[in-house]
Amino acid sequence: MRARTAIVCSVADQAVAALTNILVLVAAARLSTVDGFARFCAVYLVFTVLLGVFGAYTGQPLVLRRGEGAEVAGACRSAAVFTPLAAASVGAPLAAVCLLLPGDTAQALVMLGLVLPVVLGQDTLRYAFSTLQLPHFALFADVLRLGCVLAALATQAHGAGAARLVLVWGLSALPALLLSAALLHRRTAGMPLRIRPLLRPGHLGRRFVVEFGVGNATSQLSVLGLGAVGSPLVVGALRGATTLFGPLNVLFTSATSFGPPLLGRLDGDRRRVRATAALAAVLAATAAAWTTVLALLPGTAGRHLLGDTWPTAAALLPATGSQYAAMAAGTCGLLALRMLDPRTTLAVQVAFSLLSVVLLAGGYALAGVPGAAWGLCLGSVCKAAATWTRVARLRRDRAGGGDTVSVSPAGSRS
């Protein structure tokens, strides 16, 4: 597949996956009572966290794989088998414990525990297809999943409980899982199956899980904390402004999750780093263009999107737009670091996630909600500068030592 077609398929696949998550929540809101939807959202939040953890542990190291075809195919086959087993080891205790607890939320968590191997297994196969440079297979499977989940939820009666909706949503991913498994089997049949390296202490996924936890938890909790000690307006305004940039989140996720196999087609670290820098420029320009579009929206259109939150969120567009432009540079900088030396990104993520929290709180103390938004922007700028400085330093250090880095199943470099 040509690189341009592969990029289009990768971005389209991530867009379909994001659209599926959005439409699932919309369908659940239309089918449920207010209390039922609240329970469904709580359970879906648990799934979202587990999805991020499994993606960091299994998917992110997988897309960094380089080497011979048989070795990479074996790694994809191993990841595809490991994820359902690991998901079952998490889901079974979750279902068993919640089965003993009263309440509708506990019943919904039981259903989540039962369907975890299906939904998480199907997601891991997306990473496998990206690693094998077959992103169109992932796109086919996700389109099938979107159609199945909407059809399944459409057959449910209004007022369906959260447990029933979770079960229907989870089982609707089964056709996509079976299709993906069949497609992957055709490409990896007979390849070695190695589960043990995924459990070793040196496996890169452990570091990436910590990065996921630090990067997501600190930003979410810091905003919620400001809302608790300050004003709930902080949460609504910042979350409203961030929601407007949802399409850019799709692009950033596509770059992080599916960029390494595409950039790996280039020969040498020098060309890969240059391509990543060019990608950063494109994403930053896209963020600027999207900010301009949002700034030119009529007030009626903005209120239709965010309701009464629109005026406050619109006032934050310069800060949030600048933050996303910096995030584009930082995301691509981390991508370049992962291709050069994936063990260097954890320290960057931890240090600058904490710095962003400090700048967020300091900005709020100095200038209220706009100050908090500009504090987040400054944190993203510092993170982007640090990542690219680190990339330049690594390139200088390795200039005389060759350009090849391979990532073993356990995550060690050679």
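Helices here are DSSP runs of H or I with at least four residues, and strands are runs of E with at least two, numbered from the N terminus. One of them is helix α2, residues 34–63, where Thr 58 has its place. Residues are numbered from 1 along each chain as its sequence is written. The model is predicted, so to speak of it fairly: local features need pLDDT of at least 70, side-chain atom pairs count only at pLDDT 80 or more, totals for chains, interfaces and linings use all residues, and side-chain values use heavy atoms, with hydrogens and water left out.

Let's start with the annotated spans. UniProt, in an unreviewed entry, places the feature "transmembrane region" at seven stretches, including 37–58 and 275–297; its positions follow the numbering used here, feature names are shortened, and annotations may be inferred rather than shown by experiment.

| Span | Helix | Strand | End C-alpha distance |
|---|---|---|---|
| Residues 37–58 | 100% | 0% | 31 Å |
| Residues 275–297 | 91% | 0% | 33 Å |

Now for two residues to compare. Thr 58 is buried, with a relative accessible area of 2%, while Arg 206 is partly exposed at 39% (buried is under 20%, exposed over 50%, partly exposed in between, with a 1.4 Å probe and protein chains only). Thr 58 touches Ala 79, Phe 82, Thr 83 and Thr 124, leaving aside residues up to four places away in sequence; contact means heavy atoms within 4.5 Å. Arg 206 sits in helix α8, residues 204–229. With the same sequence neighbours left out, its contacts are Tyr 57, Leu 199, Arg 200 and Pro 201. The C-alpha atoms of Arg 206 and Val 53 are 9.4 Å apart, although 153 residues separate them along the chain.

On to the interior. A nonpolar core is a set of buried Ala, Val, Leu, Ile, Met, Phe, Trp, Tyr and Cys residues joined through side-chain atoms within 4.5 Å. The largest has 57 residues, and Phe 40, Phe 47, Leu 112, Leu 116, Phe 129, Val 166 and Trp 169 touch the most other members. Helix α4 gives the most to this core, 15 residues. Phe 40 touches Val 24, Leu 25, Ala 28, Ala 162, Leu 165 and Val 166, not counting residues up to four places away in sequence. Another core lies apart from the largest one, with 14 residues, among them Leu 244 and Cys 332.
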